[in-house]
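Okay, thanks everyone, I'll keep this short. Let me put the chain up on the screen, and then we'll walk through a few pieces of it together.

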Amino acid sequence: MSFSGKYQLESQENFEPFMKAVGLSDEIIQKIKDLKSTSEIEENGDTFKVTFTTGANAIVSNFTIGQEAELLSPTGEKVKGVVQREGNKLKTTLKNIVSVTELVDANTLVSTLTLGNIVHKTTSKRM
């Protein structure tokens, strides 16, 4: 299945504990916790462009599977990482955060960010 498409956030788990663990202030967390986000993924072979939009802010990441790229962490910090593909999953580690994005069916994208024992999970639906 292709990841290409636009997805709307449907639900999330452990947002606040995870964002606190990565260092965001309570003030910032309260401002962004209820904002709906969209993800637009353009897949062309092993090359990806991902645009993540929350409110008025858009973050764009470009990467090629298996090659080091400059990616953005959940705090917006630029970090180097290598994205690997395993079937319908994209996996990477940014600093000490393990990120797995899975296309569980043709219309559902599940992303899991793990930092130590804190797991933040989002489920998005194709628009």
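So, start with strand E10, residues 108-115: eight bridges tie it to E11, and the two run antiparallel. Keep in mind that what you're looking at is a predicted model. If you want one position to hang that pairing on, take Thr114, which sits opposite Val119 in E11.

Now zoom out to the sheet. What's the strand order? Reading across, you get E4-E3-E2-E1-E11-E10-E9-E8-E7, so nine strands in an open sheet, with antiparallel pairing. Who's at the edges? That would be strand E4, 57-64, and strand E7, 84-86; each has a single partner strand, so one side of each is left with no neighbour in the sheet. Going from one strand to the next, the twist averages 25 degrees.

Back to E11, which covers residues 118-126 and has Ser124 in it. Is Ser124 buried or exposed? Its relative accessibility is 8%, and buried means under 20%, so Ser124 counts as buried. And what's it touching? Setting aside neighbours within four places in sequence, Ser124 contacts Tyr7, Gln8, Leu9 and Glu10, and also Asn107, Thr108 and Leu109.

Last thing, the annotation. UniProt, in an unreviewed entry, lists residues 5-22 under "domain: Cytosolic fatty-acid binding proteins". In the model, that stretch is 39% helix and 50% strand, and its end C-alpha atoms lie 28 Å apart.

That's my tour, happy to go back to any of those views.

Note on methods:
Residues are numbered from 1 along each chain as its sequence is written. This is a predicted model: local features need pLDDT of at least 70, side-chain atom pairs count only at pLDDT 80 or more; totals for chains, interfaces and linings use all residues. Side-chain values use heavy atoms; hydrogens and water are left out. Helices (H or I, at least four residues) and strands (E, at least two) are DSSP runs, numbered from the N terminus. Buried means under 20% relative accessible area, exposed over 50%, partly exposed in between (1.4 Å probe, protein chains only). Contact means heavy atoms within 4.5 Å. UniProt positions are given in the numbering used here, feature names are shortened, and annotations may be inferred rather than shown by experiment. Two strands pair if DSSP finds at least two bridges between them. Axes are lines fitted to C-alpha atoms, for helices over the stretch in contact, and angles run from 0 to 180 degrees between N-to-C directions.
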